[in-house]
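Visitor: Mind walking me through this one? I'd like to know what stands behind each label.

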Amino acid sequence: MLSMVGAYGASKRALEALAETLAIEAGHFGVEVSVVQPGAVSSGGGERAKVFLSENDPYTPLYEALPALRGELITPEDVAAAVADTIERPAPALRVPVGAPAEKVLRARKEAPEDEPFLATQIN
């Protein structure tokens, strides 16, 4: 997870858990479930988000570091193409990372130790 986006990250994890459950519960009916997992998307959402930091706020350094932690942006068109490609596959994967940054983060999360929180800042 990246700092300053905990609630956003939690909502994404919740959707991932729901998709896993749906894959288990509906799989024997022939329903295939995929979770398209893009990295940071150049949709402008981050730039439009309201920020409520006061003068000398202790969260200011975390907020200022956020753009560098997001890494390379992918386009909304890249995400749309990945969704279309996933739908057209005869046997799509459960998790479909979109873009090199997403692949890197998902690989690092999978390899992270279980005894400490995973932070995207730990990715080399």
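Guide: Sure, let's start on one side of α4, where E77, I87 and E88 are exposed. This is a predicted model, where local features need pLDDT of at least 70, side-chain atom pairs count only at pLDDT 80 or more, and totals for chains, interfaces and linings use all residues. Residues are numbered from 1 along each chain as its sequence is written, and side-chain values use heavy atoms, with hydrogens and water left out.

Visitor: What makes E77, I87 and E88 count as exposed?

Guide: Exposed means over 50% relative accessible area, buried under 20%, and partly exposed in between (1.4 Å probe, protein chains only). On the other side of α4, V79, A82 and T86 are buried.

Visitor: How do you know that the buried residues line one face of α4?

Guide: Looking down the axis of α4, they fall within an arc of 60°, so they line one face. The arc is taken from the directions from the helix axis to the C-beta atoms.

Visitor: What do the buried residues of α4 pack against?

Guide: They pack against β1 (35-38) and β2 (95-98), contact being heavy atoms within 4.5 Å.

Visitor: Why does the span of helix α4 agree with what you'd expect?

Guide: The expected span is 1.5 Å times one less than the number of residues. For the 13 residues of α4 (residues 76-88) that gives 18 Å, and the end C-alpha atoms are 19 Å apart, which agrees.

Visitor: How many helices and strands are there?

Guide: Five helices and two strands, these being DSSP runs (helices H or I, at least four residues; strands E, at least two) numbered from the N terminus.
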